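Okay, thanks everyone for coming. I'd like to walk you through a few spots in one structure, so pull it up and follow along.

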Amino acid sequence: MKRRNFLSLLPASGGALATPSLIGRSRSASSIQNKKRIRSEDELSADVVIAGGGLGGVATALAACRNGLHVILTEETQWIGGQIAQQGVPPDEHSWIETHGAPQSYRDYRTRVRDYYRRNYPMTLEARKKERLNPGDGSVSRICHEPRVSEAVLREMLNPYISAGKLKVLTNYKVHAGDTEGDEVKALEFLDTKEGGSVWISAPYFVDATELGDVLPLTNTEYVTGTESRNETGELHAPEKADPQNHQAFTLCFAMDYQPGVDNTINKPLYYDFWNNYVPDMNPPWAGKILELNYSNPRNTKPKDLGFHPEGKKTGDKLNLWLYRRMINKNNFLPGTYDGDITIVNWPQNDFFEGNLIDVTKKEFNKTVEDARQLNLSLFYWLQTEAPRPDGGYGWPGLRLRGDVMGTEDGMALYPYIRESRRIKAEFRVLEEHVGAENRKMVAGQEKGKKAAEFYDSVGTGYYHIDLHPSNRGDNYIDFGSLPFQIPLGSLLPQRVNNLLPANKNIGTTHITNGCYRLHPVEWSIGEAVGMLIAYANKKNVIPRAVREKENLLADFQEWIKTQGLETHWPE
């Protein structure tokens, strides 16, 4: 169904889509919020100001504080942790994560999560003794765990710096405006979304670790959005025509458990009839209705059946969605601890295609997120009442929304799971030919193409297949193989602005390569590299860009970051 038809069925409170006319230029549609501040005694300051408390923001703060800088870390929700906490997504990781392919500090985080459960939860002896404990035994990750535990562990890692006076964490503070002068950012203004009011914070260095690259338009930092054309990038899987408003779907995740024999059926959602008949308008076509146990196979977009059983029982050769992102397996805990397992719903059935969150008005943003919430409620009601059961019946009324797990009243995540952001116009842009398995062989040859491109300025490593979810403009899955890759320093440097760095999904990738650089450990790697880059540039009294431009500085910087657990190359 087209967006215009969809909107006609939803509440009249929504606004029209804002069309950004200046994307990619020195000013954007939102840059009218850039303003000169009136300095006051209430203004805060630090060595580094980080907007966004996700994994990239936290990793930046840890690295900067560890190296002697004073940091203010802000987050617009009440939790830190980004996609792993307030978005409720257990970590998507590669198969080597236990030993390499991420910074040591990220693996320390994972160890702390396991230790947190052993210290605080009534676990069975068998589970407690597992070296590589997976609290939920979800199939998506070797360490599926609760968002609340993620937040607690990240706080635990930051607490020594808070105690020492090196770090201030401001939650419920959203970046609102910027004060710039030439190629420098002087200060950012943050709104207190809980108590009201605002505060300006000044610093020599700023980091945009927001989920959508919100600082970029506020500081006139050049950026791009959406899809590039094949003519522009030469990428094998890029479309013929660029579309700045074509973004991957976001997902408003939610948590649920199952109480056998209990009727937890919610009231029929207001737009249930719409969503129960909704067929995504995709090219190639979607498998059928969105509220069915099937979807388009990401690798070939052909229909693929799925299973569902909230007691974790096998569903033949079909993936049991209940097990996919299960974050609590009740069998890992003493009898009576849990009524049933707890799982996160981040499935094809609640990817939201009918809207966009980038460069739109606040009214449109809120309206689109509410539309996603209505889809979730409809999916949950469908699971309770109409989902086919293996015994031939329909519905699982014992399903229960778990708002307490997500830090909300309604069971939904505190913030949408964002797969795609504004992206800086960087000194260097990562293309499919650098990391895509097929495209790499086309440009490097069959033998050299077995490995991703070597970046002389590498500051990190990562791996994930290139995984693009269906888009708001009707692209179905784009999903194909990639190669273990490096993170080039050039992709972290804006072309013009000197003292603002990205630390989330807003680095110098394309729409295509974002598909493998957007995952949990890569975001952490980016953030830690940025925090150390700032510390190094500050010590050497140069702008961050100079570290890449000067051969001796770059070599020294790369050796230094390795002494603190960062990896610049994959092992042979």
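I'll go through two residues, one helix and one pocket. Before that, a caution: what you're looking at is a predicted model.

Let's begin with Y205. You'll find Y205 in strand β8, which covers residues 205-208. So is Y205 buried or exposed? Its relative accessible area is 10%, and the cut-off for buried is under 20%, so Y205 counts as buried. And what is around it? If we skip the neighbours within four places in sequence, Y205 touches D47, V48 and V49, then N499, and then I534, A537, N538, V542 and P544. N538 deserves a second look, since the Y205 side chain comes to 3.4 Å from the backbone nitrogen of N538.

To get from there to the next region, take S105 as a signpost. S105 and Y205 are 100 residues apart in sequence, and their C-alpha atoms are 23 Å apart in space.

S105 belongs to helix α3, residues 104-120. Does the length of α3 fit or clash with what you'd expect of a helix? With 17 residues at 1.5 Å a residue, α3 should span 24 Å, and the end C-alpha atoms are indeed 24 Å apart, so the two agree. Quite a list of residues in α3 is buried: S105, Y106, R107, Y109, R110, V113, R114, Y116 and Y117. Yes, there are arginines in that list, R107, R110 and R114. As for what the buried residues of α3 pack against, that would be α5, β14 (326-328) and α15 (520-540).

Now over to α5, residues 147-163, where S150 sits. S150 has a relative accessible area of 0%, so S150 is buried. Which polar partners does the S150 side chain have? One is the side chain of Y109, in a polar contact at 3.1 Å. Another is the backbone oxygen of I84, which lies 3.3 Å from a polar atom of the S150 side chain. Beyond the residues within four places in sequence, S150 is in contact with I84, A85, Y109 and H145. Remember that Y109 is one of the buried residues of α3.

Last stop, the second largest pocket. How much space lies in it? About 640 Å³. The lining has 30 residues, and those nearest the centre are V140, Y324, Y464, H465 and D467. By type, the lining splits into 13 nonpolar, seven polar and ten charged residues.

That's my tour; over to you.

Methods: Residues are numbered from 1 along each chain as its sequence is written. This is a predicted model: local features need pLDDT of at least 70, side-chain atom pairs count only at pLDDT 80 or more; totals for chains, interfaces and linings use all residues. Side-chain values use heavy atoms; hydrogens and water are left out. Helices (H or I, at least four residues) and strands (E, at least two) are DSSP runs, numbered from the N terminus. Buried means under 20% relative accessible area, exposed over 50%, partly exposed in between (1.4 Å probe, protein chains only). Contact means heavy atoms within 4.5 Å. A polar contact is a pair of N or O atoms within 3.5 Å; within protein, one must be able to donate a hydrogen and the other to accept it, and residues adjacent in sequence count only if both atoms are side-chain atoms. The expected span of a helix is 1.5 Å times one less than its number of residues. On a 1 Å grid over the protein atoms alone, a cavity is a set of points where a 1.4 Å probe fits but cannot get out, and a pocket is an open set with protein on both sides within 12 Å along at least five of seven lines; lining residues have an atom within 4 Å of a point. Grid points are joined across faces, edges and corners, and a volume is the space filled by probe spheres set on the points. Ala, Val, Leu, Ile, Met, Phe, Trp, Tyr, Cys and Pro count as nonpolar, Asp, Glu, Lys and Arg as charged, and the others, Gly among them, as polar.
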